[in-house]
Amino acid sequence: MKISQRPSPNFDDRTLPITNLILHYTGMKTGAEALARMCDPAAKVSAHYMVEEDGRIFQLVAEDKRAWHAGVSEWQGETNINSNSIGIEIVNGGHDWPLAEGRLPPFPDVQINAVIALSKAIFKRHGELTVLGHSDIAPARKIDPGEHFPWAGLAAAGLGYWPEVQSEDRRVLFEEGSRDRGVAITQRGLAHIGYGARVTGVMDDATKLIIEALQRRYRPDQIDGKVDIQTMDVIKALTEHMSARRS
Ligand SMILES: [Zn+2]
């Protein structure tokens, strides 16, 4: 795997061990623009790596340094995600640069294969990391890498967990404003998975945005922030997976 060095000044020292791998899309018109921005000291943003649409890989920040890609974020109660993660920016125009027909731009296979190879090399150096999207750790602010990102394909390649959910039932259990003991149970489940959920017993805006983040990743054809039976099954499967990993 060939990696081109393109050093960015936008980093500092880590204060935590590396446990997470955070995937982003660049959300800009071109990879060249994203690369220039991440190397601009005034922008104060960076990532460890950027993967171009044609599969070329650039390294901007050394893995033992803290790159600045996560911003205000939370996972498993930790808010200093830049310190405990490696960040990969994947070149994709995303929601700001849709195709002419309004579709989200696809991630080419050659690009995804490069992301998989790079991630596996990172796992060899640091052990298996938790694979997260920017939207998972900052659901109120971020929607990248987007519902068009091939999470199931990544999981099939050994990166991240994909829950097998049988239910096709999308009858709504809780929506915005719902107040129910089941909402508290749902929020507890989301927090157990790792999301920055607070147990309020009410389907508040923060909870709705977390549900949207979860659907964006695991049920991308319907992102409405409502807890339906199928979404609940996804939460259950992820919660059980987390419990199995911890025991
Ligand atoms: Zn991002």
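**Note on the zinc site and the salt bridges**

1. The zinc ion is held by His24 through ND1, His134 through ND1 and Asp144 through OD, at 2.1 to 2.2 Å, where donors are N, O and S atoms within 2.8 Å of the metal (3.2 Å for Na, K and Ca), and the site may look incomplete because water is not among the atoms. The structure is a predicted model, in which local features need pLDDT of at least 70 and side-chain atom pairs count only at pLDDT 80 or more, while totals for chains, interfaces and linings use all residues. Side-chain values use heavy atoms, with hydrogens and water left out, and residues are numbered from 1 along each chain as its sequence is written.

2. Along the sequence, the residues that supply the zinc donors follow the spacing H-x109-H-x9-D. The pair His134 and Asp144 links distant parts of the chain, 10 residues apart, with His134 in helix H4 (residues 134-137) and Asp144 in the loop between H4 and helix H5 (151-156); helices here are DSSP runs of H or I with at least four residues, and strands are runs of E with at least two, numbered from the N terminus. Both of these zinc ligands are buried, His134 with a relative accessible area of 4% and Asp144 with 6%, where buried means under 20%, exposed over 50% and partly exposed in between (1.4 Å probe, protein chains only).

3. Searching the whole structure gives 14 salt bridges, each defined as a side-chain nitrogen of Lys or Arg within 4 Å of a carboxyl oxygen of Asp or Glu. One of them joins Asp228 to Arg219, with the closest N and O atoms 3.0 Å apart. Its acidic partner, Asp228, is buried at 0% relative accessibility, and its basic partner, Arg219, is likewise classed as buried at 4%.

4. A salt bridge between Arg56 and Asp54 has its closest N and O atoms 2.9 Å apart. In this pair Arg56 is partly exposed at 44% relative accessibility, and Asp54 is also partly exposed, at 42%. The two residues belong to a network of salt bridges that links Glu52, Asp54 and Arg56.

5. Within helix H7 (residues 205-218), Glu212 and Lys208 lie four residues apart, about one turn of the helix, and their side chains meet in a salt bridge with an N to O distance of 3.2 Å. For Glu212 the relative accessible area is 16%, and this residue is therefore counted as buried.
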